[in-house]
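Student: Got a minute to go through a model with me? Put it up and I'll fire questions.

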Amino acid sequence: KVQELVTSTATVSPVEIQAEFRRKNEKVKLDYVVIHPDSLESQVTVSDPELAAFYERNKVRYTLPEQRVVRYFLIDPVELQAKVTVSPAELQAYYNAHLAEYQVEDRVQVSHILFKTTGKTDAEIAEIRKKAADVLKQVKSGGKFDELAKKNSEDSTKDRGGEIGWIGRGQAPPEFERVAFSLSKGAVSDLVQTEMGFHIIKVSDKETAHTKSLTEMVPVILGTLGQAKAQASADDMSQKIGGQIRQNGKISLDALAKLYGLTLGETRPVAAGAPIPELGNAPELQETIFHLREGEVSTPMHTDRGYPVVTVKEVVPAHQGTLGEVHDKATADYRHEKVQDLARQRAADLAKRAQGGEDFAKAAKALKLESKTSDALARDGSITGAGALKQIPTAFTVAVGKTGDAVFLGSDWLVFHVAEHTQPNPADFDKQKKEIELQLLDAKRQLAFESFREALDVEMRRTGKLKYNQEVVNKLTRPG
């Protein structure tokens, strides 16, 4: 009742209806060019003086956070694997325990050329059969199977020259399987029809059911056992080193590395959250490095590289980065700024030439830009490669045959030329009038009620008649 009372005075005038009819129904067709700054990257060169000047103008952007230089050694299972030995008895025992894994079923390695018939009429299928028969004739006459597949096949294998790969029993349609398993290695079938269509099948290799021998499996088993032994060795070494560090907190990193024959390394200065590829990834690693005191040795931590043990050699306080320290980032920022400038200038140049009377497409070509033409678009339409037409408010005000100013789309630039401007058909007004009136009226009513609600909210809070429990609001609106 309150809403009805507040919104009951809302009305829509004939002028407003006419204006909305025009807004909804007029259309423009545009010639346009979209300029992507990234596409101009190759045109940017960075000289030392330019980079230095850019750095000086933007120094404030290059304040470096606290960084730490870390000395370390890494218990690396991959390195330990090279020192692992696996005896013949261990190989045999593993092979015997996993014998079932080494059984190979009948299988064939096949390629095919497919001519689809799904959804086709009998007459169309007859034509497809003729085409398939012609390609088969080319194959049988010495034509290269993979090239004919790339040219004629009608499924995703065509890009691989028709190669399907190894298939076992029950993995292909019965008609396909029966022929594939009957062919000898290197043979090509006649036409084979399945529910998918006509196939020309080639068998590249065949294997009959058998159990792979120990000799065949030795490289695989060596890798598996070697990896397991190396990991066990790394786990054991990590536990021993961790125990020594906990018992003797003053033991040095150098002494531990020498005792266990491990190589010492040193990182570049690293900031919190920055990756340290030589040590691997683990949340515990970052947390430990930025909580250690200088000279203190950590216990081994588990990362995807192994077990690093670290000590902080140096703490570099937060400071204004020198150009040498921020060279890569400053270069990337400078290049980004330059390509943005280039794109803006290229768009301005095109607009100026076209506005000066030069043919839009020719002007674009002269600037090595690609001109495209849109469909006839209403105000809620979209331009391919550019986005919503509403980003270009002047598209409906620039005269036909004229070029608008360059428009920035957030990352790209667009220049447009109005090819056509179609006015609404007056005959459609009566058909749309009632619907437009209701839409405008509904929008006005919603706006009026929302304005009333907001004003009431402000007033009631001011007078203390309405209070929010912010703690409950926060709980209800907290993500997750």
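Tutor: We take the whole protein, then one threonine, T311.
Residues are numbered from 1 along each chain as its sequence is written, and side-chain values use heavy atoms, with hydrogens and water left out. This is a predicted model: local features need pLDDT of at least 70 and side-chain atom pairs 80 or more, while totals for chains, interfaces and linings use all residues.

Student: How many helices and strands does the protein have?
Tutor: 15 helices and 18 strands. These are DSSP runs, helices being H or I with at least four residues and strands E with at least two, numbered from the N terminus.

Student: Compact globule or more spread out?
Tutor: More spread out, because the radius of gyration is 37 Å, well over the 23 Å from the globule rule for 480 residues. That radius is over C-alpha atoms, and the rule is 2.2 Å times the number of residues to the power 0.38.

Student: And the span along the principal axes?
Tutor: About 95 × 80 × 65 Å for the C-alpha trace.

Student: Switching to T311. Where is it found?
Tutor: In strand β12, residues 307–316.

Student: Buried or exposed?
Tutor: T311 counts as buried because its relative accessibility is 6%. Buried means under 20% relative accessible area, exposed over 50%, partly exposed in between (1.4 Å probe, protein chains only).

Student: What does the side chain of T311 reach?
Tutor: The backbone oxygen of E296, at 2.9 Å.

Student: What else is T311 in contact with?
Tutor: Leaving aside neighbours within four places in sequence, its contacts (heavy atoms within 4.5 Å) include V69, V70, R71 and L253. L292, G295 and V297 are also among them.

Technical notes: Polar contact = N/O pair within 3.5 Å; in protein donor to acceptor, adjacent residues only side chain to side chain.
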